[in-house]
Amino acid sequence: MLKLCLVSINDTPPPEGFVKVVRGLGEVAELSFSRSEMLDECFLGEAKKSSFDRHIFWQADALVRSVQPLALARTFIVPDISFPPIAEADWRGFVSCRFLALTRTQHEALQRTGCASSHFQYYLEPLPVSTIDFRPKTPTARFVDRERTNGINLKMITTLCRALGIPSLNVLASPDAGPQALELRSGPSEGVDVRIVTTLPSQEECSIHFSSPPAKGLDTESIDAMANGCLVISPDTTAMRDYMAPSTSGIFYDPVAPLACLPELDQDKIAAIRRAALRKASFGHLSWAQDRARLASIIADDGSRWGSGDYSAAFTSAIRHAAYNRLVHA
């Protein structure tokens, strides 16, 4: 039985589906740290004499950098794609690690640096269609404000709500959002009824989910919202385009000019996009369900060889087969 250490940041915990795969491999110690604090010295001390067979870092790049000199055994990194991307050159110091990339763009960037990377797409198990009301009388939105932006993000989201005709917005402020989060008050704001909440409302309460601006990559909460039948409105990023199709299974906006090129929303449009998002999440979850064995095998390093659904790998394979056929028939 393997001994595994799973490390994450408080406000971006690994999804339960990923944790379940890790737990299936052996005894797991789960450690979580605040984004605003330095890596715990106790962890560094324990890491030096660590008896763990595997170290897995879920979107905790700053912590990975702190322990890099320790050369921990069998380190696996799910890169942080909710924040500005790390320069490709900086990843070259991690060629001894194995990356588990959740977007194709990041996977290909890691491969260019010589890092070992495997590509996965994670989708939560979708809700049954029969349990979702796709045409609520009044559209209500939700938003998680994670950043220290003195209300800038909330102001942008409120502006988007007004432009799209969304009358009500529920805001959950992250514990790491800073002192200004305590100053937020419920009430009307620029024609939108803003409500500060302590827990994220369900899809039954809020049919629209806003990803956090500015453009910072993949927001796993948004992927979960798709599986719950929500309309996701997201900054336009290459990461999110791996998961959503513009104006089909989600809506994108430009963080620099958020009101440019916004579609008109009515009940029919919202319902159509929500249904398409749920279908996308359903197909994605089936793929993830089939991929869990590959993920477990890679972490266990059991020597199994796996075919890849990655387009770049499939293209390379096709080229090799074509070259082989030419040689055989020459």
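**Salt bridges, helix 8 and selected buried and exposed sites**

Glu30 counts as partly exposed, its relative accessibility being 42%. In this predicted model, the side chain of Glu30 meets that of Arg23 in a salt bridge, with an N to O distance of 2.9 Å. Arg23 is likewise assigned to the partly exposed class, with a relative accessible area of 42%. A further salt bridge links Arg23 to Glu16, where the closest N and O atoms lie 3.1 Å apart. These pairs belong to a total of 7 salt bridges in the structure. Another of them is formed by the side chains of Asp193 and Arg195, at 3.1 Å from N to O. Asp193 is partly exposed, at 28% relative accessibility, and Arg195 is also partly exposed, with a relative accessible area of 41%. Through shared partners, salt bridges connect Glu16, Arg23 and Glu30 into one network. In general terms, side chains of opposite charge can pair when their charged atoms come close.

The overall composition of the chain provides the setting for these local features. The protein chain contains 9 helices and 13 strands. Of its 330 residues, 50% are buried. Among the contacts between residues at least 6 apart in sequence, 63% join residues at least 24 apart.

Helix 8 was examined along its length and at both ends. The helix comprises 34 residues, 267-300. At 1.5 Å a residue it should span 50 Å, and the separation of its end C-alpha atoms, 48 Å, therefore agrees with the expected value. Helix 8 nevertheless has a kink of about 40°, which is centred on Asp291. The N-terminal end of helix 8 is capped by Asp266, a side-chain oxygen of which lies 3.2 Å from the backbone nitrogen of Asp268. At the other end, helix 8 is followed by Asp301, a residue with a positive phi near 55°. Asp301 has this positive value although it is not a glycine. The residue is located in the loop between helix 8 and helix 9 (311-329), and its relative accessibility of 45% places it in the partly exposed class.

A positive phi is also found in the loop that precedes helix 8. Cys261, a residue other than glycine, has a phi near 65°. Cys261 is situated in the loop between strand 13 (251-253) and helix 8. With a relative accessibility of 78%, Cys261 counts as exposed.

Within helix 8, Arg274 is a charged residue without a charged partner. Arg274 is buried yet forms no salt bridge, and the nearest side chain of opposite charge, that of Asp133, is 6.0 Å away. A salt bridge requires a side-chain nitrogen of Lys or Arg within 4 Å of a carboxyl oxygen of Asp or Glu, so the pair at 6.0 Å does not qualify. When residues up to four places away in sequence are not counted, Arg274 touches Ile132, Asp133, Phe134, Arg135 and Pro136, together with Gln203, Ser207, Gly229, Cys230 and Leu231.

Ser207 is also among the contacts of Thr140. Thr140 belongs to strand 7, which covers residues 140-145. The relative accessible area of Thr140 is 13%; because buried means under 20%, this residue is classed as buried. Apart from neighbours within four places in sequence, Thr140 is in contact with Ser168 and Asn170, and also with Glu205, Cys206, Ser207 and Ile208.

Another buried strand residue is Ile56, which has a relative accessible area of 0%. Ile56 lies in strand 3, residues 54-58. Its C-alpha atom is separated by 5.8 Å from that of Ile77, although the two residues are 21 residues apart along the chain. With neighbours within four places in sequence left aside, the contacts of Ile56 include Leu4, Cys5, Leu6 and Val7. Phe18, Val22 and Phe76 are also in contact with Ile56, as is Ile299. Ile299 falls within the 267-300 range of helix 8, and this contact accordingly links strand 3 residue Ile56 with that helix.

How values were computed: Residues numbered from 1 in each chain as written. Predicted model: local features only at pLDDT ≥ 70, side-chain atom pairs only at ≥ 80, totals over all residues. Heavy atoms only, no water. Helix = DSSP H or I, 4+ residues; strand = E, 2+ residues; numbered from the N terminus. Expected span 1.5 Å × (residues − 1). Bend = angle between axes of the 7 residues up to and from the residue. Polar contact = N/O pair within 3.5 Å; in protein donor to acceptor, adjacent residues only side chain to side chain. Buried < 20%, exposed > 50% of the residue type's maximum accessible area, 1.4 Å probe, protein only. Contact = heavy atoms within 4.5 Å. Lys, Arg positive; Asp, Glu negative; His and termini not counted.
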